[in-house]
Number of protein chains: 2
Amino acid sequence: MGLRERKKEKTRLAILDAALDLFLEQGYESTTVEQIAGAVEISPRTFFRYFTSKDHLVLWFHDHGEQLMVETLRSRPQGDPPFTALMHAVRAVLSDMEGSTEDEHRRFLKLRRILDENPQLIGQSVARSAGTERRLAELVAERRGVDVDTDQLSHLIVAFAMSAMRVGFECPRRDGSVPEITGRMAETIELAERSLRPGWDL
Amino acid sequence: MGLRERKKEKTRLAILDAALDLFLEQGYESTTVEQIAGAVEISPRTFFRYFTSKDHLVLWFHDHGEQLMVETLRSRPQGDPPFTALMHAVRAVLSDMEGSTEDEHRRFLKLRRILDENPQLIGQSVARSAGTERRLAELVAERRGVDVDTDQLSHLIVAFAMSAMRVGFECPRRDGSVPEITGRMAETIELAERSLRPGWDL
DNA sequence: ATGACTTGTGGCACACTATGACAGAAAGGT
DNA sequence: ACCTTTCTGTCATAGTGTGCCACAAGTCAT
């Protein structure tokens, strides 16, 4: 990896960290792109070359998770029932989170606090999920050998799986360390699995 | 109802209709608030007094549905299992849709086409749901006699119910008349009910 | 009807997000 | 060193959304 790419990654993280801190200090809405850019000494124009929008700062985590889920789902054996395969994908996201660096944990916890204080950002995050669900539904439909445009169950399977993940992520008892949070998310996932009739997703 | 209120309602609908038509003609993104305001001969400033944002034009339907769901949920007997009560609320939205005027049906079908062509708007709509889910979760938690801030199942019940509604609304085979659409949504809801283990929501 | 009172409207200024275009700086490869 | 590719800052611009104030329109007395 050349100097250029290392520098870019460094800038990306500097922007992210500066933004998260500013959001926590003075709120999301009242922090401007100009301030963020100023804090890392880049021009506002350059900011938009690293993050397509201000919202994107809070969605980077989501984007990472989505990519991981899609990859995991693809790698699961075709014999797995679709919902089971999706649950593996969700657990892959949890493991990834547990296995990441201290810095990333800090960012994640900051992000959580910011989302907590700005419900409209949870909305943005959920909005992002709409696209994710579409992509996952295509994979599930392929597994089930049906047409994604006409099969409702494929969509329902994905929607339930994402619901479980989201509830585990955002819902109750928000504080704690990363392992505590992932632990609780795992509980929610199990709760969802227990709630469904065996064989419903075939 | 005085002249003033009638006039306001008329303006509101004029804005809505003009906007929906413009969105269909030339796309959502490339239609500006100035154009919409021009089409109904009001100032752009006044537009924002009727709709808080451009997005809000596409969310008016969602807002109406949410209000109806909350009211219906409140009116269901406390003895109903929570998910059952929610399903009644969803069905109330469907009946309301079927029972509304021809004009409203036309608006609804236009909106559907617009959402279909602009996936990011589905995202916005889903984002709106985040707030709705929170409010519904509070009602469900109350029914179950638990604390909404610590009980995951209450949130999961709501998330599953809203998933079913959303899948039915946006997913497969988008065309058709209003009764056809509500009919398909009803099917999806039943599918969701069959997928869950009896008594899971107690 | 005439007046006083309340509410809606238009115009203006303004802050902010986001994008296109171009020139110059920095990094990569030879 | 040289040339190419990629990144950066500056400038201009479009569009959304809000506060403010004067004015018009609807409302409600007498």
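A residue is near a molecule or strand if its C-beta atom, placed from the backbone, lies within 6 Å of it. The model is predicted: local features need pLDDT of at least 70, side-chain atom pairs count only at pLDDT 80 or more, and totals for chains, interfaces and linings use all residues. Residues are numbered from 1 along each chain as its sequence is written, with chains lettered from A and ligands numbered from 1 in the order in which they are written.

**Exercise 1. Describe the protein surface around DNA strand D.**

Step 1. Count the residues: 21 surround DNA strand D, and the closest are A:Arg45, A:Thr46, B:Gly2, B:Arg4 and B:Ser53.

Step 2. Assign them to helices, which are DSSP runs (H or I, at least four residues) numbered from the N terminus. Chain A supplies at least two residues from each of H1 (3–26) and H3 (44–50), and chain B does so from each of H1 (3–26), H2 (33–39) and H3 (44–50).

Step 3. Sort by class, where Ala, Val, Leu, Ile, Met, Phe, Trp, Tyr, Cys and Pro count as nonpolar, Asp, Glu, Lys and Arg as charged, and the others, Gly among them, as polar. The surface near strand D has ten charged, seven polar and four nonpolar residues.

**Exercise 2. Treat DNA strand C in the same way.**

Step 1. Around strand C there are 21 residues, of which A:Gly2, A:Leu3, A:Thr32, A:Ser53 and B:Thr46 come nearest.

Step 2. Here H1, H2 and H3 of chain A and H1 and H3 of chain B each give at least two residues.

Step 3. The classes are four nonpolar, seven polar and ten charged.

**Exercise 3. Relate chain A to chain B and describe their contact.**

Step 1. Superpose the copies by least squares on the C-alpha atoms of residues with pLDDT of at least 70 in both. A rotation of 180 degrees with 0.0 Å of shift along its axis places chain A on chain B, with an RMSD of 0.0 Å. That is the relation of a two-fold axis.

Step 2. Count contacts, meaning C-beta atoms, placed from the backbone, within 7 Å. In chain A, 32 residues are in contact with 32 residues of chain B. Helices H7 (119–144), H8 (152–170) and H9 (178–195) of chain A each give two or more residues to this side, and H8(A) gives the most, with ten. By class, the side of chain A that touches chain B has 17 nonpolar, nine polar and six charged residues.

Step 3. Compare the two sides: 100% of the interface residues of chain A are also interface residues in chain B, so the copies meet through the same surface.

**Exercise 4. Summarise the fold of chain A.**

Step 1. Chain A has nine helices and zero strands.

Step 2. The C-alpha trace of chain A spans about 55 × 35 × 30 Å along its principal axes.
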